[in-house]
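Hi,

Here is the structure I said I would pass along. Have a look at it first, and then read on for what turned up when I went through it.

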Amino acid sequence: MESKHYYLTADIATFIALHADKILSRGEGENVKVLTEIDLRTNLKNMGSVTTYRVPSGTILTPAARSFLSENKIDIVFSDDEKVGPEEVKKDFKQDSKPDSKDEAVKKPKYLLMGAGVRTDEKPEAYTHLYANNLVPKCHPRIKLRGKIDSLEAYIINAQVKAKALKMENMVSDLGEILTLARNILRAEVLSEPLNEFVLFGLTEQDIREISHNPQKNLGVSHFMPSYEMGEMMAQLNFIRTQVRETEIAAIEAFFDLTEGLQREDIVKALNRMSSAIYVMMCRLKAGKYES
């Protein structure tokens, strides 16, 4: 849980800064809590169907959190009780969801079209799963991000094949670590889970950042612009680097809101470090570290 709150700091700070007047009007701004969409997803993840969510009085719901509850037909109940947990919400659900005898035979449609608030038993071709049976158009920013990551994985595997043919086993291994990180990012996004800290080729995130900023000091190679004369693998690595940067932009488009700020700083930061790691690999290649 600690990493989760760390990554949401920027989101909460931005929201508070933009809503300072409202926050300060509540008891001089003391003990004000902000509930985000990510918080809701985490709290409701393993709770099954819920129709009511209890929120402590004084808690501020971000616009995305309110939208999430509304799209999922979950009522908000404000309470003076400071504790909100699965047991309490489940209790509300059990109390509020007892069907009348006339309604017992009524079956709720399987899918929810988010945004439209419409339920259907048939999945429209233009829609796909955002999570569970909640559907969004395939052009939704988060679906676009998933597509970008999927493509990125394919490019990495393609580069591994070429490196293997050139007997660059160390490069195949390093690309494998990049591939694992890409898959972990996708998993964290799909499941709305925080992304754990990572190490690439024995380097921490901070190590990668420092080496990419000063390759001359660490690898004996100055910053350079790639060219065709540097060979096929340099071209492959540079192409992957550009795809990572495009994926990072897609992540910002999916998770940045002018009101709430950046919701998934962990994913954006990981993609930024990934592009730096690819550049480190390019510098290593230029320095002859991957020679077969």
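Before anything else, one cut-off: I call a residue buried when its relative accessible area is under 20%, exposed when it is over 50%, and partly exposed in between. By that rule Glu189 is buried, because its relative accessible area is 1%.

Please keep in mind that this is a predicted model. The mean pLDDT of the chain is 80, with 75% of the residues at 70 or more. Two stretches need care. Over residues 20-30 the pLDDT stays under 50, and the model has nine contacts there beyond four places in sequence. Residues 83-97 also stay under 50, with 23 such contacts.

Back to Glu189, then. What does its side chain meet? The partner is Arg146, in a salt bridge of 2.5 Å, N to O. Since Arg146 sits in helix α7 and Glu189 in helix α8, the pair ties together parts of the chain that are 43 residues apart in sequence. Arg146 counts as buried too, because its relative accessibility is 13%. There is a third member to look for: Arg142 is linked with Arg146 and Glu189 in a network of salt bridges.

The structure holds 11 salt bridges, and two others caught my eye.

One of them joins Arg183 and Glu153, whose side chains meet at 3.5 Å, N to O. Here again α8 is linked to α7: Arg183 is in the former, Glu153 in the latter, and they are 30 residues apart. Are the two ends buried or partly exposed? They split: Glu153 has 10% relative accessibility and so counts as buried, whereas Arg183, at 42%, is partly exposed.

The other is between Glu232 and Lys162, at 3.4 Å, N to O. Glu232 belongs to helix α11 and Lys162 to helix α7, so this bridge ties together parts that are 70 residues apart in sequence. Both ends fall in the middle class: Glu232 is partly exposed at 41% relative accessibility, and Lys162 is partly exposed with a relative accessible area of 26%.

Now the nonpolar side. The largest nonpolar core has 49 residues, and the members that touch the most others are Met171, Ile178, Ile185, Met274 and Met281. Which helices feed this core with at least two residues each? They are α7 (141-165), α8 (169-190), α9 (205-213), α11 and α12 (265-286). The largest share, 13 residues, comes from α12. Apart from this core lies another, of 17 residues, which includes Leu44, Ala65, Leu130 and Tyr131.

If you want one residue to centre your view on, try Ile185. Leaving aside neighbours within four places in sequence, Ile185 is in contact with Ile149, Leu195, Ile267, Ala270, Leu271 and Met274. That Met274 is also one of the core members with the most partners.

As a rule, nonpolar side chains in soluble globular proteins tend to be buried together. For the other side of the picture, go to the surface patch: Ile252, Phe256 and Leu258 make a nonpolar patch of about 320 Å². Ile252 is placed in helix α11, which runs over residues 232-255. Its relative accessibility is 34%, so Ile252 counts as partly exposed.

Let me know what you make of it.

Cheers

Technical notes:
Residues are numbered from 1 along each chain as its sequence is written. Side-chain values use heavy atoms; hydrogens and water are left out. pLDDT is the predictor's confidence in each residue, from 0 to 100. Contact means heavy atoms within 4.5 Å. Patches are made of residues with over 30% relative accessible area and no salt bridge: like charges are joined within 9 Å, nonpolar side chains (Val, Leu, Ile, Met, Phe, Trp, Tyr) within 5 Å. Accessible areas come from the Shrake-Rupley method with a 1.4 Å probe; for residues, only the protein chains shown count as cover. A salt bridge is a side-chain nitrogen of Lys or Arg within 4 Å of a carboxyl oxygen of Asp or Glu. Helices (H or I, at least four residues) and strands (E, at least two) are DSSP runs, numbered from the N terminus. Buried means under 20% relative accessible area, exposed over 50%, partly exposed in between (1.4 Å probe, protein chains only). A nonpolar core is a set of buried Ala, Val, Leu, Ile, Met, Phe, Trp, Tyr and Cys residues joined through side-chain atoms within 4.5 Å.
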